[in-house]
Amino acid sequence: MPQDPAAHHRAVQVSRALARAYPDAACALDFSNAFELLVATVLSAQTTDVRVNQISPQLFSKWPTPKDLAGADLEELQQVVRPLGMFRRRASSLLGLAEGLVRDFDGQVPGTRKELMSLPGVGRKTANVVLGNWFGKSEITVDTHVGRLSRRLGFTSEKDPLKVEGDLRALLPHADWTMLCHRLIFHGRQVCTARAPKCTICPVVSYCPSANPVPAES
């Protein structure tokens, strides 16, 4: 969507207000290294971070490295990820991912988007999560909450995640990208919920066009 100075200023004000409201916002997945973050992010598709965190200790205690996971017994792996649903597909995806890491990157998680997206089961969203939360690169991750709140706050009118990402890149300072996504997710879960947003306690309500619609001209 076309950007203008007023829209940029409003987006920056929203980002600052969310930073004050959620100073401890961070990735909700539990991980201690790049491999764990990559696997957990792949598993988080179509389920919740909470559920992934519940099975992560068992998963990583059994298969702590890409080489270990690549050699996992498929049926045993299926049983570990079964609580997440679609366990056969998830287990096969993890085996392919681990095999790709071992085969193409000597068992190391690569640090570029192109390399990450060359791995089986890794899309742009997953790559951006790993780049932003392990490698310290400022990246925009458009999940359900980020996309929904970006539209509600008037940052974008797009529904395609890549187009939403492009609009956010144009609006916001590069340094804000990773943390803003965390804060939008926290805000979407706690206050700006999909069905019943709590506008009376919202820290950015004064900047929100959805809460303050412009009256139609008569």
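Where does Lys198 lie? I looked this up first in the predicted model. Lys198 lies in the segment after H11.

**Entry: Lys198**

I checked the accessibility of Lys198 and got 37%, so I noted the residue as partly exposed. I then listed its contacts, skipping residues up to four places away in sequence: Lys198 touches Gln190, Val191 and Thr193.

**Entry: the annotated cysteines**

I took the "binding site" annotation from the unreviewed UniProt entry; it covers Cys192, Cys199, Cys202 and Cys208. These residues are spread over 17 residues of sequence, yet they cluster in space, with a largest C-alpha distance of 10.9 Å.

I looked at two of these cysteines in turn. Cys199 is placed in the segment after helix H11, which runs over 177-190. Its relative accessibility is 38%, so I wrote it down as partly exposed. With residues up to four places away in sequence left out, Cys199 touches Val205 and Ala211.

Cys202 also lies in the segment after H11. Is Cys202 buried or exposed? Its relative accessible area is 15%, and because the cut-off for buried is under 20%, Cys202 counts as buried. Beyond its neighbours within four places in sequence, I found Cys202 in contact with His187 and Val191.

**Entry: disulfides**

How many disulfides does the count come to? The count comes to 0. I followed up on Cys27, which is in no disulfide: the nearest cysteine sulfur belongs to Cys181 and is 11 Å away. From the other side, the closest cysteine sulfur to that of Cys181 is in Cys27, and 11 Å is too far for a bond, since the limit is 2.5 Å. I also compared the accessibility of the two. Cys27 has 21% relative accessibility and is partly exposed, while Cys181 has 5% and is buried.

**Entry: nonpolar cores**

I recorded 36 residues in the largest nonpolar core. Those with the most contacts inside this core are Leu38, Val39, Leu43, Leu59, Leu69, Leu77 and Leu94. Two or more residues come from each of helix H2 (34-43), helix H3 (49-62), helix H5 (74-81), helix H6 (87-105) and helix H8 (124-133). A second, separate core has 27 residues, including Leu153, Val164, Leu171 and Cys181.

I picked Val39 for its contact list. Apart from neighbours within four places in sequence, Val39 is in contact with Leu59, Phe60, Leu69, Leu94 and Leu97. As general background, I noted that nonpolar side chains tend to be buried together in soluble globular proteins.

**Entry: helix H8**

Which residues of H8 are buried? I listed Thr126, Ala127, Asn128, Val129, Val130, Leu131 and Gly132. That makes 7 of the 10 residues of H8, so the helix is largely enclosed by the rest of the structure. I then asked what the buried residues of H8 pack against. They pack against H2, helix H7 (113-117), helix H10 (161-171) and H11.

**Entry: Ser150**

I found Ser150 in helix H9, residues 144-152. Its relative accessible area is 0%, so Ser150 counts as buried. Residues up to four places away in sequence aside, Ser150 touches Phe155, Thr156, Val164, Leu168 and Leu184. Of these contacts, I had already met Val164 in the second core.

**Entry: domains**

I noted the division of the protein into domain 1 (5-25 + 141-207) and domain 2 (34-134). The C-alpha centres of the two domains lie 28 Å apart. Across the boundary, 9 residues of domain 1 are in contact with 8 residues of domain 2. Domain 1 and domain 2 bury about 600 Å² between them, and 43% of this is on carbon and sulfur atoms. Which three residues supply 53% of the area that domain 1 buries against domain 2? They are Thr141, Glu165 and Thr178, and no other three residues supply more.

I set this beside the annotation from the unreviewed UniProt entry, "domain: HhH-GPD", which covers residues 43-190. For that span I noted 65% helix and 0% strand. The end C-alpha atoms of residues 43-190 lie 23 Å apart.

Conventions
Residues numbered from 1 in each chain as written. Predicted model: local features only at pLDDT ≥ 70, side-chain atom pairs only at ≥ 80, totals over all residues. Heavy atoms only, no water. UniProt positions renumbered as here; feature names shortened; annotations may be inferred. Helix = DSSP H or I, 4+ residues; strand = E, 2+ residues; numbered from the N terminus. Buried < 20%, exposed > 50% of the residue type's maximum accessible area, 1.4 Å probe, protein only. Contact = heavy atoms within 4.5 Å. Core = buried A, V, L, I, M, F, W, Y, C linked by side-chain atoms within 4.5 Å. Domains from an automatic or database assignment. Buried area = accessible area lost by both parts, 1.4 Å probe.
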